[in-house]
Amino acid sequence: MSDCLFCGIISKKITTKYVGETSELIAIRDVNPQAPVHILIIPKKHISTLNDITKEDCNIIGEVHMFVKEIAKKEGIAEDGYRLVLNTNRGAGQSVFHIHWHLLGGRVFNWPPG
Ligand code: AMP
């Protein structure tokens, strides 16, 4: 999608701090980190929100979790713990309308979230 920030990052027209990639996903450092480790996992396919996924996207969702597990280990947060967040629509804090997961770690998190 031409006016999508994350599509621009995926196509490398916009530069940012890349953490890794698979055939389906990229991982980047969040530009405004909310924890010592704050990484975004972004499908290369443009899907606006969780409300827009279809059955054919189920594989991508599974891949996200496998990728998160791998990154958490590499970042040294797997044992202490981490949080995976998916904001859907503005009421939940979504500001970029290309589906992505926040991987947060390196500090203690409260529950319930704010
Ligand atoms: P959300 O509010 O859930 O849609 O998350 C969007 C996230 O993208 C925010 O945490 C932003 O800090 C982050 N963000 C925005 N622009 C960039 C960028 N150019 N590189 C990395 N992260 C970004």
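**Exercise 1. Strand β2 and its surroundings**

Task: Decide whether strand β2 (residues 25-29) is largely enclosed or largely open, and say why.

Solution.
Step 1. Note that the model is predicted.
Step 2. Recall the cut-off: a residue is buried when its relative accessible area is under 20%.
Step 3. Apply this to β2. Four of its five residues are buried, so the strand is largely enclosed by the rest of the structure.
Step 4. Check one residue of the strand. I28 lies in β2. Its relative accessibility is 2%, so I28 counts as buried.

**Exercise 2. The partners of β2**

Task: Find which way β2 runs relative to strand β1 (residues 18-21), and how many bridges join them.

Solution.
Step 1. Start with β1. Three bridges join β1 to β2, and the two run antiparallel.
Step 2. Find residue pairs. Y18 stands opposite I28 in β2. E21 has I26 of β2 as its bridge partner.
Step 3. Look at the connection. A hairpin of three residues leads from β1 to β2.
Step 4. Turn to strand β3 (residues 37-43). Five bridges join β2 to β3, again in an antiparallel arrangement. Here A27 stands opposite I41 in β3.
Step 5. Add the general rule. Strands of a sheet pair through backbone hydrogen bonds, either parallel or antiparallel.

**Exercise 3. The whole sheet**

Task: In what order do the five strands stand, and which are the edge strands?

Solution.
Step 1. Write the order: β1-β2-β3-β5-β4. The sheet is open, and its pairing is antiparallel.
Step 2. Pick out the edges. They are β1 and β4 (82-85), since each pairs on one side only.
Step 3. Add the twist. From one strand to the next, the twist averages 20°.

**Exercise 4. Contacts of I28**

Task: Which residues does I28 contact, leaving aside its neighbours within four places in sequence?

Solution.
Step 1. List the contacts: I9, T16, K17, Y18, V19, H38, I39, L40 and I42.
Step 2. Link one to the pairing. Y18 is in that list, and Y18 also stands opposite I28.
Step 3. Compare sequence with space. I28 and N87 are 59 residues apart in sequence. Their C-alpha atoms are 17 Å apart in space.

**Exercise 5. A loop residue**

Task: Is D57 buried or exposed?

Solution.
Step 1. Locate the residue. D57 sits in the loop between β3 and α2 (58-75).
Step 2. Read its relative accessible area. The value is 2%, so D57 is buried.
Step 3. Name its contacts. Not counting residues up to four places away in sequence, D57 touches K45, I47 and D52.

Methods: Residues numbered from 1 in each chain as written. Predicted model: local features only at pLDDT ≥ 70, side-chain atom pairs only at ≥ 80, totals over all residues. Heavy atoms only, no water. Buried < 20%, exposed > 50% of the residue type's maximum accessible area, 1.4 Å probe, protein only. Pairing = 2+ DSSP bridges. Contact = heavy atoms within 4.5 Å. Axes fitted to C-alpha atoms, helices over the stretch in contact; angles between N-to-C directions.
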